Amino acid sequence: MNHLLETQLRECLGELYTTEPAFRSGRFRKFLSEIERVYNHHDLERSLLESAVDMNSRELHATNSLLEKRNQRISRLSTTDTLTGLPNRHLYNDRVSQELKRAKRHDRKLAVMFIDLDRFKIINDSLGHHIGDLLLRYVAKRIKSCLREADTIARPGGDEFAVLLDEVREMEDAAAVAKKILSVLSEPFRFKGHELMLTASIGISIYPSDGVDAVTLFRNADTAMYRAKDLGRNNFQFYHPAMSIKALEHMAFESRLRKALEHNEFVLHYQPQIDLVSGRVTGMEALVRWESPEIGFMMPADFIPLAEETGLILPIGEWVLQSACLQNKAWQDAGLQEINIAVNISQRQLQNPCFMTSIDTALEISGLAPERLELELTESAVMQETELTLMTLQQLKRKGISLSIDDFGTGYSSLSVLKRFTIDRLKIDRSFVSDISDNPDATAIVEAIIAMAYSLNLNVIAEGVGTKAQSDFLRENGCDQIQGFWISRPLPADQAERFLRECPPV
Ligand code: C2E
Ligand code: MG
Ligand code: MG
């Protein structure tokens with residue numbers, strides 16, 4: 001029996017014991033043995049009642065009324081989500097089962113909807129749980145406003161809502177409700193001085209075509225919801241059996257990714273960064289690849305998003321950090337010129353309370369000086385401005401580690417934040433660089449970023465430089481360094497070492 005249940009049981013029995021003389025007798029033991037079979041509070045109370053029925057009827061009346069009162073309170077608590085006052089998963093499943101019986105009798109269709117808020121975690125992490133909780137209440141109200149009296153809305157947990165549409169004639173009826181929900185959620189939420197934008201992904205399953213029991217309908221709506229997420233979020237999808245096959249493939253891929261670290265299947269490639277004035281190699285960016293024996297060679301875009309979603313980015317990121325630091329130290333020890341090693345850091349890593357420890361460990365086991373490590377952060381990770389991010393960035397700076405903003409120009413950056421976090425350099429996103437000279441807007445953006453970096457006293461590097469013309473333009477406009485196929489593709493460690501040897505400082 002779990003601890004919570006046991007506490008409730010003791011409390012309950014304690015109350016009975018002090019009010020009812022019959023329970024001070026040896027029959028108390030009988031209670032315990034019968035109750036051990038029950039699994040939730042609601043059933044626990046029912047079981048208590050049933051046990052009491054077996055007993056002397058003289059005490060039964062008083063016991064019954066006491067139990068009834070507690071029964072009502074506990075049943076309310078065990079079926080309602082306290083934050084929104086909506087039914088929880090337990091009550092929702094009950095309702096779906098009841099409605100299914102009715103739908104079967106009257107040969108009607110039902111729709112089960114699974115609604116998951118997109119990127120809600122960012123709101124919770126950046127503005128705090130208090131704001132997150134308030135927002136969930138407003139969301140519940142808005143979803144409710146799209147439903148009819150006979151429909152059911154529940155909050156099974158976290159940022160998820162479930163809806164049961166009581167009577168749907170056609171799939172279009174469910175589609176119309178889903179569209180309405182997406183539309184009301186897309187209106188800004190204004191409260192406590194915040195204006196928050198939110199979207200949701202919705203999965204829908206239909207009785208009887210997608211399942212005839214509550215569990216199957218719920219699972220299939222969930223699968224359809226994931227499909228909606230995959231398709232870019234802020235949309236709804238009806239369940240289709242092919243989705244289950246995709247979900248299985250997804251699970252198999254995830255379990256392969258989990259084993260990849262154990263089996264040493266990741267490798268780092270290194271892309272040189274060149275100073276535009278001296279022509280000297282100033283650094284190498286470490287870029288991870290996955291050599292899977294089953295699937296083949298994979299680029300980061302094929303697996304980093306899943307690693308981020310599942311949290312596997314934390315151990316993978318640790319491995320990358322350690323391997324990159326070890327490699328840079330090995331090059332130094334081999335007598336090659338000293339360069340910086342740049343490592344990409346995901347938002348999830350930066351927000352992990354153990355991040356500083358993994359940095360310390362990587363520096364310690366490699367013996368690399370912190371000044372030779374550079375971390376590439378994304379604009380969105382830095383702009384979160386949570387207390388933890390702020391503290392982490394300050395600690396990193398104090399250690400002497402360099403910080404750069406990767407893919408600069410594609411997100412939203414505030415200049416004051418860049419200054420406050422003492423960022424060392426900006427990496428101009430390759431989408432602007434590749435458009436230099438073809439697209440006047442891109443050219444103007446590149447010029448503006450360089451000018452801004454200059455006035456903020458930041459170093460600036462352009463990534464994705466693919467031609468001599470781009471390189472010349474960047475040099476003429478005062479860009480400090482370049483990185484891209486024009487200089488070299490990312491190289492395996494041995495070839496990167498050769499590149500370093502053949503490109504001595506000028
Ligand atoms: P990024 O950090 O912006 O890395 C630069 C990407 O641009 C690399 O792609 C590189 O191969 C590519 N690139 C460099 N020069 C050129 C060029 O001239 N033309 C073109 N078309 N592409 C060029 P890659 O290796 O596929 O990495 C993609 C992204 O994956 C990286 O973008 C980074 O955001 C992420 N990533 C790579 N390794 C790691 C890692 O260890 N941890 C994390 N969290 N993310 C990583
Ligand atoms: Mg990068
Ligand atoms: Mg980049």
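## Core packing and magnesium sites

In this predicted model, L375 touches L321, V343, I345, F355, I359, L396, I401, S402, L403 and S404, leaving aside residues up to four places away in sequence. L375 also ranks, with L373, L426 and L474, among the residues with the most contacts inside the largest nonpolar core, which has 77 residues. Helix α12 (residues 313-333) supplies the largest share of this core, seven residues. A second, separate core has 39 residues, including I131, F189, L198 and I206.

The protein donors of two magnesium ions are listed below.

| Ion | Protein donors | Distance from ion | Spacing along the chain |
|---|---|---|---|
| magnesium ion (ligand 2) | E285 (OE), N344 (OD1), E376 (OE), D406 (OD) | 2.0 to 2.2 Å | E-x58-N-x31-E-x29-D |
| magnesium ion (ligand 3) | D406 (OD), D407 (OD), E463 (OE), E463 (OE) | 2.0 to 2.5 Å | D-D-x55-E |

The magnesium ion (ligand 2) and the magnesium ion (ligand 3) lie 4.0 Å apart, with D406 as the bridge between them.

For the magnesium ion (ligand 3), the donors D406 and E463 link distant parts of the chain: D406 is in strand β13 (residues 402-408) and E463 in strand β15 (residues 459-463), 57 residues apart. Both D406 and E463 are buried.

For the magnesium ion (ligand 2), the donors E285 and N344 also link distant parts of the chain, with E285 in strand β9 (residues 281-292) and N344 in strand β11 (residues 340-344), 59 residues apart. E285 counts as buried because its relative accessibility is 4%, under the 20% cut-off. N344 has a relative accessible area of 29% and is therefore partly exposed.

Key: Residues numbered from 1 in each chain as written. Chains lettered and ligands numbered in written order. Predicted model: local features only at pLDDT ≥ 70, side-chain atom pairs only at ≥ 80, totals over all residues. Heavy atoms only, no water. Donors = N, O, S within 2.8 Å, 3.2 Å for Na, K, Ca; no water. Helix = DSSP H or I, 4+ residues; strand = E, 2+ residues; numbered from the N terminus. Buried < 20%, exposed > 50% of the residue type's maximum accessible area, 1.4 Å probe, protein only. Core = buried A, V, L, I, M, F, W, Y, C linked by side-chain atoms within 4.5 Å. Contact = heavy atoms within 4.5 Å.
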